[in-house]
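Student: I would like a close look at a single part of this model, the packing around one helix. Please go through it in one connected answer.

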Amino acid sequence: MNIDYAQRIKRLPPYLFKEIDRMKDEVRARGVDIIDLGVGDPDLPTTDNVIDALTTAVRDPATHRYPSYSGMNLFREAAARWYKRRFDVDLDAATEVIALIGSKEGIANIPLAFIDPGDVLLHSSPCYPVYHSSTLFAGGQPYPMDLTARNDFLPDLGAVPQEILDRAKMMFVNYPNNPTAACCGLDFFREVAEFGRKNNIIVCHDAAYTEMYYDDFVPPSFLQVEGAKEVGVEFHSLSKTYNMTGWRLGFAVGHPEVIAGLGKVKSNIDSGAFNAIQIAGVEALAGDQSAVKEMQSIYRERRNILVQGLKELGLEVELPKATFYVWVKTPKSHDSASFAKLLLEKAGVVVTPGAGFGQAGEGYVRFALTVDKARIGDAAKRIKECMSA
Ligand SMILES: *Cc1c(COP(=O)(O)O)cnc(C)c1O
């Protein structure tokens, strides 16, 4: 029997982390104590109030049945109230909010509602790889807008050729940004909203990291821009804010017809997030928020230790204002893969090569602040030793 993958699978870019994964196993087999700063998955636990809400909810048989496609009213109302409190944005919970099985699910599904073969989807690059693959799955053409240090890691919207604009139907942007840790203010979001309106492009803003911030800068929502709700939607996730990556819960908010389009796709693919998890999500969004402040202070400390250590080595790195990533320029003699390889083999430290997030990420590696500060300190020390050797 001949097993032949569909074109949409064949067209996926090669998995660039495969080589790192293989080397990680090899180095670990040598008995090296690996410090893994590769994956963007919080090491902090979900808080007790959320766990308690789940355990109570899961004992109620009413939660055991199929959820509603767009999410429980209770959850959508909690999301709307959270937006009002955090961003002063008004949302109609019935038509402008949809629950997601993690925001990745919504990001992966939304192009299926709007992108036809031949349509273009613009996305920032380097990026969360799902923007690219979900476009390919919908038969669309991804068009990367490069983020460079020269442009403060903001896409140059004016540089997109007219021929591409004519075919573009949707765009993805993401601030605070993974992997570059760059932030933007409302000025840039205003520019994006205007660009979307003028060119009839649905704007999708991925807001996974708006609560992971450290200094005076408080990341805004795209929906805070006047009229933004008429051009797009924003994806939000409980994963990073509340240490709930494994729970799979997020939501999208914004333009009612865009939300409805995503709902049409979802109702044919999944049957919604488990009600007990949505009830726990209500507790996360509406309950005591002090754990968010604690999370920020933990990452702030880790960030300071790592950035200080890397700067002492003469590496080119900015102190990130948000996200739990540090985006570091590779030394001149290395590309991103060879520098990641060096750090793994000589220091036992796993980082992610920037090229794995798109060609524009070449020349950088990403550190994730997902181990405790003592281990972060060890990582910095080991890197120092290996680079001065
Ligand atoms: C982690 C992450 C997400 C999604 O997380 P979910 O767990 O699916 O909610 C989305 N976008 C970016 C940029 C991320 O880093």
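Tutor: What follows takes helix α11 and its two described partners, then turns to the ligand and some backbone details. The model is predicted.

Two packed helices are described by the angle between their axes and the distance between the axes. Helix α11 covers residues 275–286, and helix α4 covers residues 73–87. Their axes lie 9 Å apart and make an angle of about 15 degrees. Angles under 35 degrees count as roughly parallel, and α4 and α11 are therefore roughly parallel to each other. The crossing of α4 past α11 is left-handed. On the α4 side the contact uses Leu74, Phe75, Ala78, Ala79, Trp82 and Arg85. These meet Gln278, Gly281, Val282, Leu285 and Ala286 on the α11 side. Sorted by class, this contact between α4 and α11 holds eight nonpolar, two polar and one charged residues.

The other partner is helix α3, residues 48–58, whose axis is 8 Å from that of α11 at an angle of about 150 degrees. With angles over 145 degrees counted as roughly antiparallel, α3 is roughly antiparallel to α11. The α3 and α11 crossing is right-handed. From α3, the residues in contact are Asn49, Val50, Ala53, Leu54, Ala57 and Val58. From α11, they are Ala276, Ile277, Ile279, Ala280, Glu283 and Ala284. By class, the contact of α3 with α11 has 10 nonpolar residues, one polar and one charged.

Back at α4, the loop between this helix and β2 (97–100) holds Asp88. Asp88 is a residue other than glycine with a positive phi, near 60 degrees.

Two cis peptide bonds can be added. One joins Ser125 and Pro126, with omega about 5 degrees; Pro126 sits in the loop between β3 (120–125) and α6 (130–137). Another runs from Asn178 to Pro179, with omega near 10 degrees. Pro179 is placed in the loop between β5 (168–173) and α8 (186–199).

Last comes the ligand. There are 13 residues around the ligand, and those that come nearest are Asp206, Tyr209, Ser237, Ser239 and Lys240. The side chain of Tyr209 has an N or O atom 2.6 Å from an oxygen atom of the ligand. For the side chain of Lys240, the corresponding distance from an N or O atom to a ligand oxygen is 3.2 Å. Arg248 also places a polar side-chain atom 2.7 Å from an oxygen atom of the ligand.

Methods: Residues numbered from 1 in each chain as written. Predicted model: local features only at pLDDT ≥ 70, side-chain atom pairs only at ≥ 80, totals over all residues. Heavy atoms only, no water. Axes fitted to C-alpha atoms, helices over the stretch in contact; angles between N-to-C directions. Helix = DSSP H or I, 4+ residues; strand = E, 2+ residues; numbered from the N terminus. Parallel < 35°, antiparallel > 145°, perpendicular 65-115°, else oblique. Left-handed = near helix turned anticlockwise from the far one by under 90°. Contact = heavy atoms within 4.5 Å. Nonpolar A, V, L, I, M, F, W, Y, C, P; charged D, E, K, R; others polar. Near = heavy atom within 4 Å. Polar contact = N/O pair within 3.5 Å; in protein donor to acceptor, adjacent residues only side chain to side chain.
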